[in-house]
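Hi there,

Here is the structure I promised to pass on. Have a look at it first, and my notes on one of the ligands come after.

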Amino acid sequence: MSEFDSKRIEELLTLYFIMGSTNCDRDPVYVLEQAIEGGITLFQYREKGRGALEGKQKVKLAEKLQKICKDASIPFIVNDDVDLALTIDADGVHVGQEDECARAVRERIGNKILGISTHTLSEAHHAIADGADYLGLGPIYPTQSKEDTEKVQGTELIQNFRELNITTPIVGIGGITSSNANKVIQAGGNGVSVISAIAAAENVKQATEQLKKQVDKNVV
Ligand SMILES: Cc1ncsc1CCOP(=O)(O)O
Ligand SMILES: C=C1C=NC(C)=NC1=N
Ligand SMILES: [Mg+2]
């Protein structure tokens with residue numbers, strides 16, 4: 001488990017912003033600063049897809065974004081790239097089913113935060129056994145931000161997990177906006193993670209504030 005207890009992880013998942021250089025047509029530094037002002041509670045650097053940065057450029061941007069998060073006391077999570085997370089001493093990693101095996105990742109990262117994407121009950125049980133601090137469930141709604149998504153699942157899977165007494169912190173992801181965010185919380189999610197609803201917003205700070213309002217009003 002991580003240095004954070006599950007109560008704290010639940011709080012951190014409230015409004016979980018995910019971004020890489022390919023997700024915004026503006027300077028990612030500016031977008032992250034505005035998102036933090038708007039009230040995000042957790043950040044994930046996800047450098048993926050066509051045109052994604054690699055090597056030194058990827059490390060440089062990661063360190064820039066990490067510093068902004070550090071100055072704002074927002075934990076900094078790295079997607080997929082465990083080596084990068086360890087190199088820059090990130091606060092945690094998020095891995096999917098096709099990434100490095102979660103049990104091995106937990107070994108490597110010690111008590112950093114470990115998030116795992118899961119799509120079925122058996123994946124969830126394995127993730128929990130492997131030491132996941134939270135589960136990423138999705139895509140909840142249709143999304144353009146990830147090519148190879150699994151089937152769109154709605155909020156049913158979150159509901160099912162809760163009905164089966166899975167108490168691990170859960171964050172929903174995929175096509176989430178301020179108009180559907182509260183359904184994710186009502187279904188039993190501890191928070192929502194978003195890319196385009198924030199990164200592609202006209203007014204990043206305002207969009208973030210609106211999302212936060214939708215999530216906070218339902219936190220039970
Ligand atoms: C990374 C990821 N995993 C499932 S959907 C998705 C993309 C979410 O992006 P958006 O919030 O723009 O739909
Ligand atoms: C695929 C993902 C699912 N969930 C989260 C929180 N992050 C991801 N990168
Ligand atoms: Mg992955």
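Below is what turned up around ligand 2.

This is a predicted model, in which local features need pLDDT of at least 70 and side-chain atom pairs count only at pLDDT 80 or more, while totals for chains, interfaces and linings use all residues. Residues are numbered from 1 along each chain as its sequence is written, chains are lettered from A and ligands numbered from 1 in the order written, and side-chain values use heavy atoms, without hydrogens and water.

The shell around ligand 2 includes Tyr16, Gln44, Arg46, Asn79, His94 and Ser117 (a residue is near if one of its heavy atoms lies within 4 Å). By class, five residues of the shell are nonpolar, six polar and one charged (Asp, Glu, Lys and Arg count as charged; Ala, Val, Leu, Ile, Met, Phe, Trp, Tyr, Cys and Pro as nonpolar; the others, Gly among them, as polar).

Three side chains make polar contacts (N or O pairs within 3.5 Å) with a nitrogen atom of ligand 2: Gln44 at 3.0 Å, Asn79 at 3.3 Å and His94 at 3.4 Å. The protein buries 92% of the 270 Å² that ligand 2 exposes when taken alone (Shrake-Rupley method, 1.4 Å probe).

As for Arg46, you will find it in the loop between β2 (42–45) and α3 (55–71) (DSSP runs: helices H or I of at least four residues, strands E of at least two, numbered from the N terminus).

Happy browsing!

Terms used: Polar contact = N/O pair within 3.5 Å; in protein donor to acceptor, adjacent residues only side chain to side chain.
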